[in-house]
Amino acid sequence: LTLMQRLKNKIGAKTPVIGKEETNNNENHGCIANQIWNDIFGATTDVVTVQQFCQDFLHGQQKMIYVSESHAQELLATLAKMESNHVAEDRLMALIPTASQEQRLLGLQLTRSQFEIYLFDTLNSAYDPLALNGTAVLDDSNDATAPAATAHTTSHGHYPLSAYWINTSHNTYLTGDQLKSNSSVSMYLSALRRGCKCLELDCWDGERHATTGQPIPVIYHGHTLTSKILFVDVIRCIKSYLLSNPDTYPIILSLENHCSLEYQETMASNLKEILGDALYYPENHIQQDHHQRALPSPEDLIGKVVLKGKRPPEKDEDDDTSKSTSSRTTKSMMTPISMDIDSNMESTVEDEQDPYDMPAPSSSTNRNPTSPATAATTSAKKPATPKILPELARLTLFHGTKYKSFGKSMVEPTSHMHSVGETRFAKIVAKKPENSNLWRKYNAYHMTRVYPKGSRVDSSNFNPCLGWAAGAQLVALNFQTVDPALVINDGRFRENRRCGYVLKPQGILPEVPSLALP
């Protein structure tokens, strides 16, 4: 039992009386707080210093050894302000005769009444013990009063992105089901305000401008009756959020790109012109020596938008109802993908061309009909037209690749990542006992996105815990559906001040000395 539960059992709950529940609760709170205070600080003590509060209670009783003395002082200053808002000054001074007003407001002393406020307030939340009325706690790694072994844990933003679970949305634009609901720009702002840091944009060719003929990319759930919104409006929405939240941890845009090259050109232009300096250019990760380069950290990318590139997708492994065309279906029937995940397994599907090393689109197209033999000869001599515009690819940090085997995935550049449907992900994990650890090892340096299967047309969600346990950073859920899975997700990311990034525990990062965590 926790200390609170033991004290409740010791004191005993009073029988509730109609109309007096609030009074009884307040009396119980006072009894519990006084008992804890007496046990830790002594029955004759009415005021303690910030040093006593930090060492005897936060470190000694709560085991919050990562909280420094300066953090404790900031906490006590917040408690003093909260108390002064609810208690008259003359009564307040009578309660704390040995503490001056200046000392209280500076957070140098703590009273019994403030201690009671703290115990039953969200400031003492198990999910977010460092939050101070929603303000971020800065890194105090140089604070001499912080325990040396854990000083760096006061700020968790300095590890590579692969070391975090990241709050992720699936088909962010949808307001309801996956087949006929409306798409809305406001859903992006709603997700961002909820702490989401990875948004999905399904991009398709739209109309052309009536006057200029400029291509206008749109976002919607392709081949369904869902409504369409403009790509440019979504980017403007994200820019608006950044203007109001310039210190936010990076926002990842997962581009599921179905657009033709000329529409992609408009997308690249929109991204650069609207986001400006907020758009992250991953030059360091597209050089020849980028294979072993660690991903940047959230602190490196504060206020930035990072792109995850999505090629015009082949048929999803467990999606039989959406996001497919007849040509893709034909291709998947001609070259089926084996589900064997042995390390020596060779896929029958060739790798798509790396967009970081693509030839430029051909300026002219041969319109003359050719025989199959001639076409084969031509394709052997000339590189194929890229599916992704090189200009857009150069803005992309995370480059989506198809999973074939762990042996091949481990040696890919750290900026290459996998997107796997929930069904296939579960099958891979269950195939062999060692696969869970292999996923964790892969995810120590690389990124993985797990998304709902296509048959969830009602926008229901799957349990995200399996993905998190295997180290997957981006477990995408339908934020428009409030179900147990989304509640679990909300609870998971309530930690760390709802910033959308939660450092994975050491057990999820096995045998990675350079990512040694507390």
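1. Let's start with how two helices meet: H9 passes H10 in a right-handed crossing, meaning that the near helix is turned clockwise from the far one by less than a right angle. Helices here are DSSP runs (H or I) of at least four residues, and strands (E) of at least two, numbered from the N terminus. The model is predicted, so local features need pLDDT of at least 70 and side-chain atom pairs pLDDT 80 or more, while totals for chains, interfaces and linings use all residues. Residues are numbered from 1 along each chain as its sequence is written, and side-chain values use heavy atoms, without hydrogens or water.

2. H9 covers residues 231–244 and H10 residues 261–275; their axes come within 10 Å and cross at roughly 20°. That makes H9 roughly parallel to H10, a label for angles under 35 degrees. The axes are lines fitted to C-alpha atoms over the stretch in contact, with angles from 0 to 180 degrees between N-to-C directions.

3. Which residues make this contact (heavy atoms within 4.5 Å)? From H9 come Phe231, Val232, Ile235, Arg236, Lys239 and Leu242, and H10 adds Met267, Asn270, Leu271, Ile274 and Leu275.

4. Now have a look at Gln473, in the loop between helix H17 (465–469) and strand E12 (474–477). Gln473 counts as buried because its relative accessibility is 0%, and buried means under 20% relative accessible area with a 1.4 Å probe, protein chains only. Its C-alpha atom is 4.3 Å from that of Trp165, although 308 residues separate the two along the chain.

5. For the whole chain, you can count 18 helices and 13 strands. Buried residues make up 49% of its 518 residues.

Note on methods
Parallel < 35°, antiparallel > 145°, perpendicular 65-115°, else oblique. Contact = heavy atoms within 4.5 Å. Buried < 20%, exposed > 50% of the residue type's maximum accessible area, 1.4 Å probe, protein only.
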